Amino acid sequence: MKLDKVQKAAQEQFARQSHRYGQGHILENVEDVQAGLEFTQLPPDAKVLDVATGGGHTGLYLASLGHDVTLADIAQPMLDRAAKTAAERGLKVQTSQHAAEQFPYPDDSFDLVACRVAAHHFSSPESFMRETARVLKSGGYFLLIDGSVQDDELEAEEWLHQVEKLRDPSHHRFLTPCTWARLCEANNFSVVHSQLHPFKQPDLNWYFETAATSSENRKQVLELIATAPKSARKLFELTEENGKIVWWWQRLTLVARKS
Ligand SMILES: C[S@@+](CC[C@H](N)C(=O)[O-])C[C@H]1O[C@@H](n2cnc3c(N)ncnc32)[C@H](O)[C@@H]1O
């Protein structure tokens with residue numbers, strides 16, 4: 001697998017941090033996936049690809065519904081961990097190590113491509129969307145869940161970008177809802193649903209630990225928080241609760257259907 005700089009950074013970061021994404025991680029709660037699936041109509045034994053599966057929370061939930069699921073990720077230790085969890089839960093899944101920008105599957109292979117809380121690491125969301133369109137059957141669904149920022153909140157978006165990049169240098173960029181919609185439309189999808197939901201980051205220190213943020217970068221993030229512009233403070237409801245710094249991510253759920 002030939003990787004670019006952004007892909008390599010993500011692979012190294014998540015291979016190192018895979019132990020943090022299993023049980024007890026906030027991503028274990030899949031209510032957002034359940035809500036997104038309400039906008040799809042899948043056959044009972046749908047063929048599903050979960051791109052950038054991480055600890056496997058999304059893909060394993062889909063497998064528990066009886067679907068035929070492939071868990072894919074760029075970092076093999078993530079896939080090993082997800083496969084172990086699948087075995088513990090008595091779920092049968094396939095795993096496949098590859099980048100989100102190039103898939104090793106034939107055209108028209110899947111009924112659903114899911115991707116949750118990962119696309120902000122992709123070096124080329126354009127290639128990811130092209131590949132998603134290619135491997136989906138006609139009428140198949142794309143379910144995207146990821147951090148995002150309203151299209152007209154440029155200052156808050158730039159602030160959050162700096163925070164996320166310092167916290168985890170493998171962060172690439174959150175895309176706005178309109179950018180995702182344009183990417184979908186350019187690849188022959190109709191957007192069925194697109195909505196931002198606030199999602200709580202319950203503790204900045206926990207968030208640092210998840211990414212093993214360096215102490216120098218932690219200092220810089222704290223400085224950015226202390227001097228956050230009003231727009232960011234308001235949009236992300238940046239505050240302190242019981243000595244913990246908390247804020248609310250804007251999380252986008254987008255469901256699109258291939259023509
Ligand atoms: C936060 S985790 C994903 C969470 C998971 N989807 C869930 O629902 O729990 C992010 C994952 O994206 C993967 N990743 C990052 N960049 C990638 C890329 N370009 N191609 C494939 N996987 C990538 C990382 O290895 C990591 O496992």
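The legends below describe close-up views of a predicted model.

**View 1. Helix α5 and the elements that cover it.** Helix α5 spans residues 125-135, and 8 of its 11 residues are buried, so the helix is largely enclosed by the rest of the structure. The buried positions are Pro125, Ser127, Phe128, Met129, Glu131, Thr132, Ala133 and Val135. Strands β1 (47-51), β4 (110-116), β5 (136-148), β6 (189-201) and β8 (244-258) are among the elements that cover these residues. Helix α7 (177-186) also belongs to this cover.

**View 2. The crossing of helices α5 and α7.** The axes of α5 and α7 come within 9 Å and cross at roughly 45°. The two helices are therefore oblique to each other, and their crossing is right-handed. On the α5 side, the contact is made by Pro125, Glu126, Phe128 and Met129, which meet Trp180, Leu183 and Cys184 of α7. The residues of this contact comprise 6 nonpolar, no polar and 1 charged. Pro125, Phe128 and Met129 of this contact are also among the buried residues of α5.

**View 3. Glu157 in helix α6.** Glu157 is part of helix α6, which covers residues 154-167. With a relative accessibility of 14%, Glu157 counts as buried, because the limit for a buried residue is under 20%. The side chain of Glu157 is joined to that of Arg173 by a polar contact of 2.9 Å. Leaving aside residues up to four places away in sequence, Glu157 touches Val149, Arg173 and Phe174. Arg173 thus appears both in the polar contact and in the list of residues that Glu157 touches.

**View 4. The crossing of helices α8 and α9.** Helix α8 (residues 204-211) and helix α9 (residues 215-226) have axes that come within 12 Å and cross at roughly 145°. The crossing is right-handed. Leu204, Phe208 and Glu209 of α8 meet Arg218, Val221, Leu222 and Ile225 of α9. By class, the residues of the contact of α8 with α9 are 5 nonpolar, no polar and 2 charged.

**View 5. Thr239 in strand β7.** Thr239 lies in strand β7, which is formed by residues 239-241. The residue is partly exposed, with a relative accessible area of 37%. Its contacts, not counting residues up to four places away in sequence, are with Lys244, Ile245 and Val246. Ile225, one of the α9 residues in the contact with α8, is 14 residues from Thr239 in sequence. The C-alpha atoms of Thr239 and Ile225 are 9.5 Å apart in space.

**View 6. Asp108 and Glu237, two loop residues with positive phi.** Most residues other than glycine have a negative phi. In Asp108, phi has a positive value, near 55°. Asp108 is placed in the loop between β3 (94-97) and β4, and with a relative accessible area of 47% this residue is partly exposed. Strand β4 is also one of the elements that cover the buried residues of α5. In Glu237, phi is likewise positive, near 45°. Glu237 is placed in the loop between α10 (230-235) and β7, the strand that contains Thr239. The relative accessible area of Glu237 is 46%, which means that this residue is partly exposed.

Terms used. Residues numbered from 1 in each chain as written. Predicted model: local features only at pLDDT ≥ 70, side-chain atom pairs only at ≥ 80, totals over all residues. Heavy atoms only, no water. Buried < 20%, exposed > 50% of the residue type's maximum accessible area, 1.4 Å probe, protein only. Helix = DSSP H or I, 4+ residues; strand = E, 2+ residues; numbered from the N terminus. Contact = heavy atoms within 4.5 Å. Polar contact = N/O pair within 3.5 Å; in protein donor to acceptor, adjacent residues only side chain to side chain. Axes fitted to C-alpha atoms, helices over the stretch in contact; angles between N-to-C directions. Left-handed = near helix turned anticlockwise from the far one by under 90°. Nonpolar A, V, L, I, M, F, W, Y, C, P; charged D, E, K, R; others polar. Parallel < 35°, antiparallel > 145°, perpendicular 65-115°, else oblique.
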